[in-house]
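Here are my notes on the model you sent, set out as numbered points. They begin with the nonpolar interior and end with the overall dimensions.

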Amino acid sequence: MVEVNFGTLRPESVITLRRVRELQEITRTRIGAGVTFRRLESGDHNALAQLARTIGSPQIRAAGTIGGNVGTASPAGDALPFLAGLDAEIELHSVAGTRTVRWDRFFTGVKRTSKRPDELITAVLLPDDLPDRQEFAKIGQRSAMVISMVSACVFRWHHGRTRVALGSVGPTPIRARRAERMISSEMRPGPSALDHFARLVSEEVRPITDHRGTEDYRRHASGVLARRLLERCLAS
């Protein structure tokens with residue numbers, strides 16, 4: 001719609017999918033592409049509910065869907081770090097059948113995906129082994145209705161395994177895998193371990209400088225944000 005409003009896209013036809021019931025269905029591990037962020041605000045996944053509440057205005061959340069967020073593949077897409085941190089898969093359907101593609105093979109660049117022209121995104125699929133603790137936050141130039149400069153999800157399991165995924169700091173969502181391995185070995189991380197964790201996150205992101213923020217700020221903010229989310233996981 002942004003491209004349509006700016007006159008850079010003129011689709012020959014538009015098809016509404018709102019009445020396709022299967023796209024509106026949601027379970028613990030399968031979220032239909034047509035599920036709106038308004039519905040996700042009160043869902044079972046804490047980080048997903050947190051990020052849903054930060055997206056646009058109430059009107060946008062009532063219309064915007066997780067499938068739209070995935071299909072747009074913007075580096076600032078708020079749902080994308082959540083999917084990356086859980087190694088989610090994207091379900092795609094065409095007349096040839098249905099296939100699933102893991103997030104890191106689906107997002108191929110800035111607003112680019114491996115979806116074929118004849119395919120429809122029908123759902124995102126989450127693993128059965130969901131984390132015990134999950135937190136999301138983002139940083140922007142104002143406190144509401146803002147595109148993120150940095151967004152992050154941190155997941156923590158009871159046995160210590162930790163996942164860290166970030167958005168707006170690379171052409172696609174980024175997993176801070178060195179930071180994950182380091183902090184997953186710490187059952188009760190102290191201040192020095194948390195400092196090390198934040199440094200590793202800052203080193204692993206690939207931000208750019210644009211009109212919303214500088215590369216240096218985004219790099220620093222990534223480490224700070226990831227540490228704060230981890231501390232929230234540990235405290236809950």
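1. In this predicted model, the largest nonpolar core has 35 residues, and among these V70 and F82 touch the most other members. At least two residues of this core come from each of α2 (37–40), α3 (46–52), α5 (66–72), α6 (80–85), β2 (89–94), α7 (103–106), β6 (120–125) and β8 (150–156).

2. The surroundings of V70 deserve a look in the viewer. Leaving aside residues up to four places away in sequence, V70 touches L80, L83, I90, F106, F107, T113, I121 and V124. Another core lies apart from the largest one; this other core has 26 residues, including I139, V150, V169 and M182.

3. Two of the contacts of V70, namely F106 and F107, also deserve attention for their rings. The structure holds two aromatic pairs. In the pair formed by F106 and F107, the ring centres are 5.1 Å apart and the planes stand at 85°, an angle over the 60 degrees required, so the pair is classed as edge-to-face. Both F106 and F107 are buried.

4. A charged side chain over a ring should also be noted: R161 lies over the face of W157, at 4.0 Å from the ring centre.

5. Helix α10 covers residues 215–235, and its length can be checked against expectation: at 1.5 Å a residue its 21 residues should span 30 Å, and because the end C-alpha atoms are 30 Å apart, the two values agree. The buried residues of α10 are R218, A221, S222, G223, L225, A226, R227, L229, L230 and C233, a list in which the arginines R218 and R227 appear. As background to reading such a list, an α-helix has 3.6 residues a turn, so residues three or four places apart point the same way.

6. What do the buried residues of α10 pack against? Their partners are the strands β7 (133–139), β8 and β9 (162–167), together with the helices α8 (177–184) and α9 (191–204). One of these partners, β8, also supplies at least two residues of the largest nonpolar core.

7. For the protein as a whole, the secondary structure comes to 10 helices and 10 strands. A compact globule of 236 residues would have a radius of gyration near 18 Å, and the protein has 18 Å, so the value agrees with that expectation. The C-alpha trace spans about 55 × 40 × 30 Å along its principal axes.

8. Of the 236 residues, 49% count as buried. Among contacts with a separation of 6 or more, 59% are between residues 24 or more positions apart.

How values were computed. Residues are numbered from 1 along each chain as its sequence is written. This is a predicted model: local features need pLDDT of at least 70, side-chain atom pairs count only at pLDDT 80 or more; totals for chains, interfaces and linings use all residues. Side-chain values use heavy atoms; hydrogens and water are left out. Rings of Phe, Tyr and Trp (its six-membered ring) pair if their centres lie within 6.5 Å; planes under 30 degrees apart count as stacked, over 60 as edge-to-face and the rest as tilted. Buried means under 20% relative accessible area, exposed over 50%, partly exposed in between (1.4 Å probe, protein chains only). A charge sits over a ring if NZ of Lys or CZ of Arg is within 6 Å of the ring centre and within 35 degrees of the ring normal. A nonpolar core is a set of buried Ala, Val, Leu, Ile, Met, Phe, Trp, Tyr and Cys residues joined through side-chain atoms within 4.5 Å. Helices (H or I, at least four residues) and strands (E, at least two) are DSSP runs, numbered from the N terminus. Contact means heavy atoms within 4.5 Å. The expected span of a helix is 1.5 Å times one less than its number of residues. The radius of gyration is taken over C-alpha atoms; the globule rule is 2.2 Å times the number of residues to the power 0.38.
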